[in-house]
Amino acid sequence: MVIGGISIWVGVTSLLLHAARHRREAWPAEKAGALIAWGGVAFPTVVLLLLLGYAVWLMPAIRPWNPLAAKDGAIEVTGEQFWWRIRYPAVGDQPAFETANEIRLPLGRPATFSLKATDVIHSFWIPALGGKMDMIPGRTNFLTLTPTRTGSYRAPCAEFCGASHAYMAFSVIVMEEDDYNAWRSRLIDGQASAANEGGQLLQRHGCVGCHSLRGLQIAGQTAPDLTLIGARLSIGAGALANTPENIARFIHSPSSVKPGAKMPAFNMLPEDDIEEIARYLGGLQ
């Protein structure tokens, strides 16, 4: 594209300079006609056709959804007010599993995302990796991205979706292949202890009615999965750094952190119970 653009620019500039020269005699009609035919018709037609052919040849590799990259299944991302439900597909003998508000990807491997929304329009956008794609209720869109360097990146919702739109983000962590496989195995095998006091409090106070946590008997489906939540970079979909103090703050009064959050406040619980639950969740790594 750069070569084609430079060629056109050089041609047009050359014609401009040539036409601006002082000439005593007029051009013959035949010569002027030849200039128009070759410089104004033939040259741009050939260059633009070549560029069009090159762009068509590139399309399979640069279109938003690359079927070849989805051979192992797409990572399903669902936007909800105001968090992200993330479901990884089964790979080989490893089962599918669900997490929330954080995506981990292996370096250099194309990843296809299946994008959905349950309530209003959201927009999936990882600025460091590629363009954005709307998430529309009742429709599934696809996007393929290839991470080229390791690191942690913030990914905000790019479509206004309500009072906590500015506090709806997820973390993207690009890892070496071996590290990614180890993380995936650890998350699949992760089990919360129901015998732990924190696990007992989660069940006693009804947290597992909405949240799921592998290892506990009840698994809610309406709120983020909490399995290994202590290993995530943030809580509340990017609203707060992941510390026991911030977990306790979120449990105590979610709406003070995320206006419009559907999670009710649990400020009626004893402070000791909230702190114990926060320590328990922060230790799930």
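**Notes on the predicted model: two sheets and the helices around them**

1. Let's start in a loop. Pro-224 sits in the stretch between α4 (197–204) and β11 (234–235). Bear in mind throughout that this is a predicted model. Pro-224 has a relative accessibility of 16%, so it counts as buried, the cut-off being under 20%. Leaving aside residues up to four places away in sequence, Pro-224 touches Trp-83, Ala-100, Asn-101, His-211 and Ser-212. As for Leu-213, it is 11 residues from Pro-224 in sequence, and the C-alpha atoms of the two are 9.3 Å apart.

2. Next, the five-stranded sheet. It is open, its order reads β3-β2-β1-β5-β8, and the pairing is mixed. The edges are taken by β3 (97–100) and β8 (141–145), each of which pairs on one side only. On average, neighbouring strands here are turned by 25° against each other, direction ignored. Helix α3 (residues 177–189) packs on this sheet, where it touches β2 (83–88) and β3. The direction of α3 makes about 100° with that of β3.

3. A closer look at the pairings on either side of that sheet. β2 and β3 run antiparallel and are joined by four bridges, with Arg-85 standing opposite Ala-100 in β3. That is the Ala-100 that Pro-224 touches. Over at β8, strand β5 (residues 111–117) pairs with β8 in the antiparallel sense over five bridges. Here Ala-111 stands opposite Leu-145 in β8.

4. Which residues of β3 point one way, and which the other? Phe-97 and Thr-99 go one way, Glu-98 and Ala-100 go the other, and all are buried. As a reminder, side chains in a regular strand alternate between the two faces of the sheet. I'd have a look at Glu-98 on screen, given that this residue is on the buried list too.

5. The other sheet in these notes has three strands. It is also open, in the order β4-β10-β9, and again the pairing is mixed. β4 (102–106) and β9 (151–156) are at the edges with a single partner strand each, so each has one side without a neighbour in the sheet. From one strand to the next, the twist averages 25°. β4 pairs with strand β10 (residues 169–175) in the parallel sense, over five bridges, and Pro-106 is found opposite Met-175 in β10.

6. Helix α3 turns up again here. It lies across β4 and β10 and runs at about 135° to β4. Put that beside its packing on the five-stranded sheet, where α3 touches β2 and β3.

7. Now the helix pairs, beginning with α5 (residues 244–252) and α7 (residues 271–282). Their axes come within 8 Å and cross at roughly 130°, which means α5 is oblique to α7. The crossing is right-handed. On the α5 side the contact is made by Pro-244, Ile-247, Ala-248, Ile-251 and His-252; on the α7 side, by Glu-271, Ile-274, Ile-277, Ala-278, Leu-281 and Gly-282. By class, those residues divide into eight nonpolar, two polar and one charged.

8. What about the buried residues of α5? They are Asn-246, Ile-247, Ala-248, Phe-250 and Ile-251. These residues pack against β11, β12 (240–241), α6 (254–257) and α7. Among them, Ile-247, Ala-248 and Ile-251 also appear in the contact with α7.

9. Helix α7 has a further partner in α4. The axes of α4 and α7 come within 8 Å and cross at roughly 120°, and this crossing is left-handed. Glu-197, Gly-198, Gly-199, Leu-201 and Leu-202 of α4 meet Asp-273, Glu-276, Ile-277, Tyr-280 and Leu-281 of α7. The residues of this contact divide into five nonpolar, two polar and three charged. Ile-277 and Leu-281 of α7 take part here and in the contact with α5 as well.

10. One last residue, also in helix α4: Gln-200. Its relative accessibility is 35%, so Gln-200 counts as partly exposed. From Gln-200 to Ala-231 is 31 residues in sequence and 21 Å in space, C-alpha to C-alpha.

Note on methods:
Residues are numbered from 1 along each chain as its sequence is written. This is a predicted model: local features need pLDDT of at least 70, side-chain atom pairs count only at pLDDT 80 or more; totals for chains, interfaces and linings use all residues. Side-chain values use heavy atoms; hydrogens and water are left out. Buried means under 20% relative accessible area, exposed over 50%, partly exposed in between (1.4 Å probe, protein chains only). Contact means heavy atoms within 4.5 Å. Axes are lines fitted to C-alpha atoms, for helices over the stretch in contact, and angles run from 0 to 180 degrees between N-to-C directions. Angles under 35 degrees count as roughly parallel, over 145 as roughly antiparallel, 65 to 115 as roughly perpendicular and the rest as oblique. A crossing is left-handed if the near helix is turned anticlockwise from the far one by less than a right angle, and right-handed if clockwise. Ala, Val, Leu, Ile, Met, Phe, Trp, Tyr, Cys and Pro count as nonpolar, Asp, Glu, Lys and Arg as charged, and the others, Gly among them, as polar. Two strands pair if DSSP finds at least two bridges between them.
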